Amino acid sequence: MNDIEIAPSILAADFGYLMRDIKAVEGCCEYLHIDVMDGHYVNNISFGIPVIESIRKYTDIKFYTHLMITEPEKYIKAFADAGSDNITFHIECTDDPDRLIKEIESYGLTAGIAVHPDTPVEKVFPYIGKVAIILIMTVYPGFGGQGYLESSDERIRKLKKAIDDAGADTVISVDGGVSGSTIGKIYDAGARLFVAGSAVFHSDDPAKAVEDLKKCCT
Ligand code: DX5
Ligand code: ZN
């Protein structure tokens, strides 16, 4: 991964022109962020396995699949088979994160663990060094276009310190409210993999929006 990566979230794409929107960013991003919502863990339903399988046929960009679903253990294989490169599940949705991480990795994927804004960030500390990505939700999961939760800065800093103390290479990712006006301080706090929906796909030029976001970090 580069020092800064933007992972465009297709939740903000135009689903009527989904491949067009993906093609617009595939050349400038390592990851595409794919938000799966089941109407149980979050109060929204997005899309699922058949959509991922379909888009997999037409792009090589890595799929960073964010499962906002209860009982993720039931569906890991299906999301792996559909073409995910990373599967990130919520710590709030399982009693056995270690088992899920093992299963995800057994399919040759990287694992990520996400943490809800109301869950103490310390809950994910035991997984530092065990997962490739820790995803700090910087909005309440379920919808795009919300404002960045200011309380996230401190959570990112705490996690960054814990990762540094452990000498681990786990990447801090953030999801929600990433824009030109928030990304600079989020970068300073320690995040390196930025999920961005509206800031990328609600722009007339998604690739330029990605480059502009990166520039705000330096
Ligand atoms: C929210 C999703 C996000 C969302 C971010 O539950 O996990 O990935 O698409 O959207 P923006 O960047 O618009 O806040
Ligand atoms: Zn997401």
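In the predicted model, E71 is partly exposed, with a relative accessibility of 40%. The residue belongs to the loop that runs between β3 and α3 (76-81). Its backbone is marked by a positive phi of about 50°, although E71 is not a glycine.

A second partly exposed position is D14, for which the relative accessible area is 36%. D14 is also a loop residue, placed between β1 (5-8) and α1 (18-25). In sequence D14 and H202 are 188 residues apart, while in space their C-alpha atoms are 9.0 Å apart.

The zinc ion (ligand 2) is held by four residues: H33 through NE2, D35 through OD, H66 through ND1 and D175 through OD. The coordination distances run from 2.0 to 2.3 Å. Six donor atoms surround the zinc ion (ligand 2), the angles among them range from 68 to 168°, and the site is octahedral. Along the sequence, the spacing of the donor residues follows the pattern H-x1-D-x30-H-x108-D. Within this set, D35 and H66 form a pair that links distant parts of the chain. D35 is in strand β2 (residues 31-37) and H66 is in strand β3 (residues 62-68), the two residues being 31 apart. Both members of the pair have little accessible area by the computed values: D35 is buried at a relative accessible area of 4%, and H66 is buried at 0%. Each of these values falls under the 20% limit for a buried residue, so D35 and H66 are both classed in that way.

The zinc donor D175 appears again in the description of the largest pocket. This pocket holds about 280 Å³ of space. Its lining consists of 24 residues, and those nearest the pocket centre are G144, G145, D175, G176 and G177. Several elements of secondary structure contribute to the lining: β2, β3, β8 (193-196) and α7 (198-201) supply at least two residues each. Strands β2 and β3 are also the strands that carry the zinc donors D35 and H66. By residue class, the lining of the largest pocket comprises twelve nonpolar residues, ten polar residues and two charged residues.

Strand β8 includes V195. This valine is buried, with a relative accessible area of 2%. V195 and D175 are 20 residues apart along the chain, and their C-alpha atoms are separated by 4.9 Å. D175 thereby enters the description as a zinc ligand, as one of the residues nearest the centre of the largest pocket, and as the partner of V195 in this C-alpha distance.

Two further buried residues lie in loops. V139 is found between β6 (133-137) and α5 (152-166), and counts as buried at 5% relative accessibility. The C-alpha atoms of V139 and D204 are separated by 24 Å, with their positions 65 residues apart along the chain. T182 is placed in the loop between β7 (171-175) and α6 (183-189). Its relative accessible area is 10%, and T182 is therefore buried under the 20% cut-off. From T182 to E5 the C-alpha separation is 15 Å, for residues 177 apart along the chain.

How many disulfides does a search of the whole structure find? The number is zero. A disulfide is a covalent bond between the sulfur atoms of two cysteines. For C216, the closest cysteine sulfur is that of C217, at 6.8 Å, which is too far for a bond. The case of C217 is the reverse of this: the closest cysteine sulfur is in C216, at 6.8 Å. A pair counts as a disulfide within 2.5 Å, so the 6.8 Å separation of the sulfurs of C216 and C217 excludes a bond between them. The accessibility classes of the two cysteines are also recorded: C216 is partly exposed, with a relative accessible area of 35%, whereas C217 counts as buried at 8% relative accessibility.

Methods. Residues are numbered from 1 along each chain as its sequence is written. Chains are lettered from A and ligands numbered from 1 in the order in which they are written. This is a predicted model: local features need pLDDT of at least 70, side-chain atom pairs count only at pLDDT 80 or more; totals for chains, interfaces and linings use all residues. Side-chain values use heavy atoms; hydrogens and water are left out. Donors are N, O and S atoms within 2.8 Å of the metal (3.2 Å for Na, K and Ca); water is not among the atoms, so sites may look incomplete. Four donors count as tetrahedral if all angles lie between 85 and 135 degrees; four count as square planar and six as octahedral if opposite donors are over 155 degrees apart and all others between 65 and 115; anything else is irregular. Helices (H or I, at least four residues) and strands (E, at least two) are DSSP runs, numbered from the N terminus. Buried means under 20% relative accessible area, exposed over 50%, partly exposed in between (1.4 Å probe, protein chains only). On a 1 Å grid over the protein atoms alone, a cavity is a set of points where a 1.4 Å probe fits but cannot get out, and a pocket is an open set with protein on both sides within 12 Å along at least five of seven lines; lining residues have an atom within 4 Å of a point. Grid points are joined across faces, edges and corners, and a volume is the space filled by probe spheres set on the points. Ala, Val, Leu, Ile, Met, Phe, Trp, Tyr, Cys and Pro count as nonpolar, Asp, Glu, Lys and Arg as charged, and the others, Gly among them, as polar.
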